[in-house]
Amino acid sequence: ARHLLSVADLDAAGVRELLDTAAEMHLVQRRDVKKIPTLRGRTVINLFFEDSTRTRSSFEIAGKWMSADTINITGKGSSTSKGESLRDTTMTIASMGVDAIVMRHHASGAAHQVARWLDELGTGTSVINAGDGTHEHPTQALLDAYTVEQRLGSLAGRHVAIVGDVTHSRVFRSNLVSLRLLGARVTVVAPPTLMPSGARAWAERDGFTLSHDLDAVLAGTHAPVPDVLMMLRVQHERMSGGYFPTPREYTVGYGLTRDRLATFTAASPEGVICHPGPMNRGLEIAADAADAASSLVLDQVSAGVAVRMSVLYHLLASGEGAAA
Ligand code: CP
């Protein structure tokens with residue numbers, strides 16, 4: 001079966017093909033009657049072991065608009081609460097003859113593991129990674145790229161600053177790969193305590209810049225002022241060891257505050273702000289920034305449906321597609 005487990009499995013042409021199809025799906029999304037027959041007779045299961053608003057509902061809408069049958073299973077309501085293993089759960093679902101499992105799981109690598117089990121079983125079920133631990137969230141990166149390109153044109157040569165809780169962010173890891181494939185220059189900004197260990201060697205190898213000084217990045221001290229500020233969510237739920245820096249310190253050092261928004265807008269008048277959601281308003285992003293004309297937050301949500309339609313199309317409807 002063909003899967004979408006990680007942006008790292010794609011090449012530049014594969015990413016571009018998914019984005020081009022998303023543009024066509026966006027036209028469907030804007031129609032009065034959105035239903036198209038493309039996936040009639042296909043069944044897609046959303047299997048979510050972590051909470052979600054955007055990803056789960058947009059995959060469900062994407063499937064429904066393409067006439068697939070879509071079913072939602074969450075960890076809490078499933079037999080995993082009785083102790084059933086992930087292997088037994090996914091093998092059980094696949095054995096019913098479903099065409100795709102869209103899976104979110106708290107363990108990094110879970111989607112890859114499930115894809116291997118299902119390939120061994122030979123059910124032909126595709127696995128789509130809807131976020132695995134701190135590893136990857138490929139459809140989020142695709143929709144981020146799509147949204148920015150809709151506003152700014154090609155990402156090639158654009159400067160994107162990814163700011164915040166980098167350590168815990170699967171959105172960061174997927175975006176790093178897709179942005180590089182699309183030719184963007186990337187600066188990663190985080191407090192030292194929320195920058196992954198080994199980041200310096202990683203940055204040297206993959207050609208991105210690290211900074212602990214958001215104000216210097218916004219001032220264009222070492223590189224052009226960013227065209228895109230990609231703010232990351234502070235992931236409280238993954239900070240079992242405590243919360244450092246404190247929320248107040250975080251906002252002072254790394255929040256997109258009203259003052260920083262003014263600085264950014266003055267220096268980069270066409271610059272845009274992204275956030276994958278859910279947002280911690282007042283922590284990593286001020287309400288003024290979240291709701292600014294330069295904020296693409298709701299455009300990202302809208303693009304999420306079109307991008308997920310594109311992914312489902314390439315995995316389930318076409319012959320040879322981009323996602324492999
Ligand atoms: N961005 C994102 O994955 O949001 P959800 O957790 O609401 O799906």
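## The nonpolar core

In this predicted model, the largest nonpolar core (a set of buried Ala, Val, Leu, Ile, Met, Phe, Trp, Tyr and Cys residues joined through C-beta atoms within 7 Å) has 89 residues, and those with the most contacts inside it are Ile 101, Val 163 and Leu 312. Buried here means that 20 or more other C-beta atoms, placed from the backbone, lie within 10 Å of the residue's own. Helix 12 (residues 297–317) provides the largest share of this core, 10 residues, where helices are DSSP runs of H or I with at least four residues and strands are runs of E with at least two, numbered from the N terminus.

Leaving aside neighbours within four places in sequence, Leu 312 is in contact (C-beta atoms, placed from the backbone, within 7 Å) with Leu 39, Val 44, Ala 62, Gly 63, Met 66, Ala 68 and Ala 100.

## Two domains and their contact

The domain assignment, which is automatic or from a database, gives domain 1 (7–136 + 304–317) and domain 2 (138–301). Their centres, taken over C-alpha atoms, are separated by 26 Å, and 22 residues of domain 1 are in contact with 22 residues of domain 2.

On the side of domain 1 that touches domain 2, helix 1 (12–29), strand 4 (126–132) and helix 12 each supply at least two residues, with helix 1 giving the most, 5 residues. The residues of that side divide into 10 nonpolar, 7 polar and 5 charged, counting Ala, Val, Leu, Ile, Met, Phe, Trp, Tyr, Cys and Pro as nonpolar, Asp, Glu, Lys and Arg as charged, and the others, Gly among them, as polar.

## Basis of the numbers

Residues are numbered from 1 along each chain as its sequence is written. Because the model is predicted, local features need pLDDT of at least 70 and side-chain atom pairs count only at pLDDT 80 or more, whereas totals for chains, interfaces and linings use all residues.

Notes. A residue is buried if 20 or more other C-beta atoms lie within 10 Å of its own, exposed if 12 or fewer, and partly exposed in between; C-beta atoms are placed from the backbone. Two residues are in contact if their C-beta atoms, placed from the backbone, lie within 7 Å.
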